[in-house]
Every structure is written in structure tokens, then in C-alpha cells.
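Visitor: I am new to this structure and would like a close look at a single part of it, with enough of the surroundings to know where I am. Please take your time over the answer.

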Amino acid sequence: NSSEFIPKCRTCRRQAREQSGEGDHHEGLSSDEELTPTEVDEFQKSKDNVLEDSRKIFEDVHADFCDIRKILLKFQEWKEKFPDSYCDAYISFCLPKLLNPLIRVELISWNPLEQNLTELEEMPWFRAIEEFSDAENVSESK
């Protein structure tokens, strides 16, 4: 019977932990969720590699085209100088697709489960988009 098997397994694992002297187990957590030190090291190495690779993504790109604030300033200038062309190009529909890769790179290291979490609203790219949206709304109301 499988319902009898589960408590026996838990008892066996608990006894093995007690004999080995493991004290960092939290009751109620599945042992499947516990990572071994090797798994933790492998994860950290993999994470470090991803973060290192993400820093290299835009290293050969001109600064005006890998900074969200600078990109949005270019679009703001376009809108102010050539409003008809800007409107005809449906820029408001294109910006999410254009900024998506840049935002994803910014969010690679962001972990919403960390205690010292930086809120999305506090991130520089979010504020730049917010300012651009506010400027667009002000110019449309005029």
C-alpha cells in the first residue's frame, strides 16, 4: 500500500539524518527539495557563467543602442521633431519588442525571492520607461 510506504520512507530518512548528524533539515520540507553541496556548487557555477555571458552580450554595441534611457531619448527626439512620421511608424507598438531583449538582460540576475529585493519600480530601466510614458502622455494631452 503506497500510503504506508510514504511514512516508512520519511522515518528511514529521518533516522539516517539523525545518525549522520545532519541538523539543517526542516520538518515538512521534502528531501527531494534539499540540494546537496555538489548541486549547490554546480548551480552557482552555472549561474556565474550565465551572468558573465550576459555582461558580454552588448560589449560590441555602441552605448547609444544598449542603454534603454538613451534609446528612449532618441525616440522622444524623433517624436518632437517629426510627429507625423513617428505616429505613422506606430512606435508605441514597436517599443515593447525593441526593449524586450534589453530588459531581459537587466533581469537575468534579479531574483524576486531574495530578501534584499530591488523592486521593479526602483530599477533604472523601469524608471526610464515610466518617464518616457509620462512624457508621451503629456505631449498627447497638449
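Is Ser54 buried or exposed, and what is its relative accessible area?

Guide: Before turning to that residue, please keep in mind that what you see is a predicted model. Ser54 is found in helix α2, and because its relative accessible area is 12%, which is under the 20% limit, Ser54 counts as buried. Buried residues make up 15% of the 142 residues in the protein, and Ser54 belongs to that group.

The side chain of Ser54 has a polar atom that lies 2.7 Å from the backbone oxygen of Leu51. If we leave aside the neighbours within four places in sequence, Ser54 is in contact with Val105 and Ile108. Of these two partners, Val105 falls within the span of helix α5, which runs over 91-107, so that the contact between Ser54 and Val105 links a residue of α2 to a residue of α5.

It helps to set this part against the whole chain. The protein has six helices and zero strands, and read along the sequence it follows the pattern α-α-α-α-α-α. Among the contacts with a separation of 6 or more, 54% are between residues 24 or more positions apart. The accessible surface of the protein comes to about 11,500 Å², and carbon and sulfur atoms account for 53% of that surface.

The helix that holds Ser54 also has a part in the largest pocket, where about 220 Å³ of space lies. Of the 13 residues lining this pocket, the closest to its centre are Cys66, Asp67, Ile68, Glu106 and Trp125. The elements that give two or more residues to the lining are α2 (37-56), α3 (68-81), α5 (91-107) and α6 (124-141), and by class the lining has eight nonpolar, one polar and four charged residues.

For a companion to Ser54, you may look at Gln76, which is found in helix α3, one of the elements that give two or more residues to the lining of the largest pocket. Gln76 counts as buried because its relative accessibility, at 13%, is under 20%. Not counting residues up to four places away in sequence, Gln76 touches Phe132 and Ala135, and both numbers fall within the span given for helix α6, 124-141. To return to your request, then, Ser54 is buried, with Val105 and Ile108 as its contacts beyond four places in sequence.

Notes:
Residues numbered from 1 in each chain as written. Predicted model: local features only at pLDDT ≥ 70, side-chain atom pairs only at ≥ 80, totals over all residues. Heavy atoms only, no water. Helix = DSSP H or I, 4+ residues; strand = E, 2+ residues; numbered from the N terminus. Buried < 20%, exposed > 50% of the residue type's maximum accessible area, 1.4 Å probe, protein only. Contact = heavy atoms within 4.5 Å. Areas by Shrake-Rupley, 256 points an atom, 1.4 Å probe, with all protein chains shown as cover. 1 Å grid on protein atoms, 1.4 Å probe; cavity = no way out; pocket = protein on both sides within 12 Å on 5 of 7 lines; lining within 4 Å. Points joined across faces, edges and corners; volume = space filled by probe spheres on them. Nonpolar A, V, L, I, M, F, W, Y, C, P; charged D, E, K, R; others polar. Polar contact = N/O pair within 3.5 Å; in protein donor to acceptor, adjacent residues only side chain to side chain.
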